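Colleague: I'm new to this one, and I'd like a close look at a single part. Could you take me through how the helices pack, and then point out whatever else is worth a glance along the way?

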Amino acid sequence: MDGELYELARLALYTKRTMKNGNENEYKLGEYVNRMIFSFLPSEGSFFIKADECTDTQSWYKALQKRAVKEIHLVIFFEENNIKFAGFSNSAKQGLFTEYKDGKKTFWAAKWEFDSVSKSWTVYYKEFEWTGNSNLTYNFPECSKDFERALIDIEKLACKLGFDNFAYIFKDAYGILTSKDAPLIPEWTNDSMLDLQGEKAKLFWAASRADVFGGMGSWNDIPDCVAHEMGLQEDYDRLSHDLYISIKKAVMNAVNC
């Protein structure tokens, strides 16, 4: 799974846990993240006043709490994202939806900037007014079944194209998703992800395993060319699209349900 989406998922889970338990645990930055900066919308009537800015996750949550945050969701506009650009930073339209008790709804978008000196990233989260549909609903069973079908179909295509390495990844992801046992949590995972249990954990880690979209060496690279040469471009495009959407839906359902 790409780092941008992983950090959004972590942030959503951390906030949900803190809202539920009331314990403001330390939020550990990913090893590739140097710092996070959160910029709130200016308060009403304060057009010429600089918006509140927080430089760490704990103070950001306290600011959310002060504003009486009611809900937070991970939102991915997968239909508006281009699979071909999946390997580039800041290319996906995704973020965090927040709703306050006064009815105000906002959206937090992230911008990643790389520091060549520290070899790490600064992530700028900026709050905007929410203009989308506020009826954010999720269907856990349907999402899981669609994901299973997408993995089966694209594994067959990978075998047909001669990419056993990708076929193995898709088969492994299917095994995680359908296993009766709890998934093996990767050693590199962060503490926020421990909130994912049972079927949620299966969905999330299967999505992480199956996310093969990116730049050179990814499913977007040579397999695309081979599919074209073999006259299977239509199948490749359709099944890749189905998998991409299934992965994004799986992550949203795992985090938000």
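Modeller: Let's start with a term we'll need: a residue is called buried under 20% relative accessible area, exposed over 50%, and partly exposed in between. Take Ala68, which has a relative accessible area of 27% and is therefore partly exposed. Keep in mind that this is a predicted model.

Now to the helices. Two packed helices are described by the angle between their axes and the distance between the axes. Here, helix 7 covers residues 233-256 and helix 1 covers residues 3-21; their axes come within 10 Å and cross at roughly 20 degrees. Angles under 35 degrees count as roughly parallel, so helix 1 is roughly parallel to helix 7. If you look at the handedness, helix 1 passes helix 7 in a right-handed crossing. On the helix 1 side, the contact is made by Leu5, Ala9, Ala12, Leu13 and Lys16, and helix 7 brings Lys248, Val251, Val255 and Asn256. Sorted by class, that contact has six nonpolar residues, one polar and two charged.

Helix 7 has another partner to look at. Helix 5, residues 198-210, packs with helix 7 at an angle of about 145 degrees, and their axes are 8 Å apart. This time the crossing is left-handed. Helix 5 uses Lys200, Leu203, Phe204, Ala207 and Ala210, while from helix 7 come Leu243, Ile247, Ala250, Val251, Asn253 and Ala254. By class, the contact of helix 5 with helix 7 divides into nine nonpolar residues, one polar and one charged. Val251 is worth finding on screen: it belongs to the contact with helix 1 and also to the contact with helix 5.

Staying with helix 1 for a moment, try Tyr125, which sits in strand 6, residues 120-129. Tyr125 has a relative accessible area of 1%, so it counts as buried. Leaving aside residues up to four places away in sequence, Tyr125 touches Glu7, Leu8, Leu11, Met36, Ile37, Phe38, Ser39, Trp108, Ala109 and Ala110. Another residue to pick out is Trp112, 13 residues from Tyr125 in sequence and 8.9 Å from it in space, C-alpha to C-alpha.

Next, the cysteines. The structure holds zero disulfides. For Cys143, the closest cysteine sulfur is in Cys257, and it is 7.9 Å away, which is too far for a bond because a disulfide needs the sulfur atoms within 2.5 Å. Cys143 is buried, at 6% relative accessibility. Cys225 is in no disulfide either, with the nearest cysteine sulfur, that of Cys159, 19 Å away. Unlike Cys143, which is buried, Cys225 counts as partly exposed, at 42% relative accessibility.

Last, a little backbone. Most residues other than glycine have a negative phi. Ala68 has a positive value, near 65 degrees. You'll find Ala68 in the loop between helix 2 (57-66) and strand 3 (69-76). Lys119 also has a positive phi, near 55 degrees. Its place is in the loop between strand 5 (105-115) and strand 6. At 60% relative accessibility, Lys119 counts as exposed, whereas Ala68 is partly exposed.

How values were computed: Residues numbered from 1 in each chain as written. Predicted model: local features only at pLDDT ≥ 70, side-chain atom pairs only at ≥ 80, totals over all residues. Heavy atoms only, no water. Axes fitted to C-alpha atoms, helices over the stretch in contact; angles between N-to-C directions. Helix = DSSP H or I, 4+ residues; strand = E, 2+ residues; numbered from the N terminus. Parallel < 35°, antiparallel > 145°, perpendicular 65-115°, else oblique. Left-handed = near helix turned anticlockwise from the far one by under 90°. Contact = heavy atoms within 4.5 Å. Nonpolar A, V, L, I, M, F, W, Y, C, P; charged D, E, K, R; others polar. Buried < 20%, exposed > 50% of the residue type's maximum accessible area, 1.4 Å probe, protein only.
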